[in-house]
Amino acid sequence: EEAARLFTEAYAADPSDGDAADRLARAAQLLGEVGEFESALSLWDRVAREFPAWRARAALGQADMALAAGATDQALAAYRVASRSSRDPQVAAVAQLGVSTCLERMGSVDDALLAADAADLPEDVHQERTNRLEERR
């Protein structure tokens, strides 16, 4: 919590700084890691609102938290938002992998395979994911 507070204070000291969005995102991530989900979600919302270019990353952060908390439906919705709205191919790929993971956990292995195929993943990661899903069929 202390590190999250420091990142938030650093943001507040100069919200126009080029690293301001990253500072808020790091604070949100750290709060999520220590189980402060409400505060973390609030910060992720703030990141998305104040830094439109970070909306997909904020959705990805919210999705990761939801998945870790066992809220698979909520995570799936947020991963889909991140995947569809990201202009960063790496964020989109990670989000699509999250979609696949959620679908797998929900028992939709065929849909999880389709989602994995749609992700622009490195070949070794894609193959590992596909193999794992094929084993669950």
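Helices and strands are here runs assigned by DSSP, with at least four residues for a helix and at least two for a strand. By that count, the chain in this predicted model has eight helices and zero strands. From the N terminus on, the order of elements is therefore α-α-α-α-α-α-α-α. The chain has a radius of gyration of 16 Å, close to the 14 Å that the globule rule gives for 137 residues, so it is as compact as a globular protein of that length.

**Overall dimensions and surface**
- The C-alpha trace spans about 50 × 30 × 20 Å along its principal axes.
- About 7800 Å² of the chain is exposed, and carbon and sulfur atoms supply 48% of this area.
- Of the 137 residues, 42% are buried.

**Contacts along the sequence**
- Taking contacts between residues at least 6 apart in sequence, 42% join residues at least 24 apart.

**Charge**
- There are 15 positive and 25 negative side chains in the chain.
- The centres of these two sets lie 4 Å apart.

**Nonpolar cores**
- In soluble globular proteins, nonpolar side chains tend to be buried together.
- The largest nonpolar core has 22 residues, and those touching the most other members are Leu-60, Ala-75, Tyr-79, Val-99, Cys-102, Leu-103 and Leu-133.
- Helices H4 (55-68), H5 (72-85), H6 (89-105) and H7 (109-118) each give two or more residues to this core.
- Helix H4 gives the most to this core, with six residues.
- Leaving aside residues up to four places away in sequence, Ala-75 touches Ala-63, Ala-66, Leu-67 and Cys-102.
- A second, separate core has 18 residues, including Ala-4, Ala-28, Leu-31 and Ala-40.

Key. Residues numbered from 1 in each chain as written. Predicted model: local features only at pLDDT ≥ 70, side-chain atom pairs only at ≥ 80, totals over all residues. Heavy atoms only, no water. Rg over C-alpha atoms; globule rule 2.2 N^0.38 Å. Buried < 20%, exposed > 50% of the residue type's maximum accessible area, 1.4 Å probe, protein only. Contact = heavy atoms within 4.5 Å. Areas by Shrake-Rupley, 256 points an atom, 1.4 Å probe, with all protein chains shown as cover. Lys, Arg positive; Asp, Glu negative; His and termini not counted. Charge placed at Lys NZ, Arg CZ, Asp CG, Glu CD. Core = buried A, V, L, I, M, F, W, Y, C linked by side-chain atoms within 4.5 Å.
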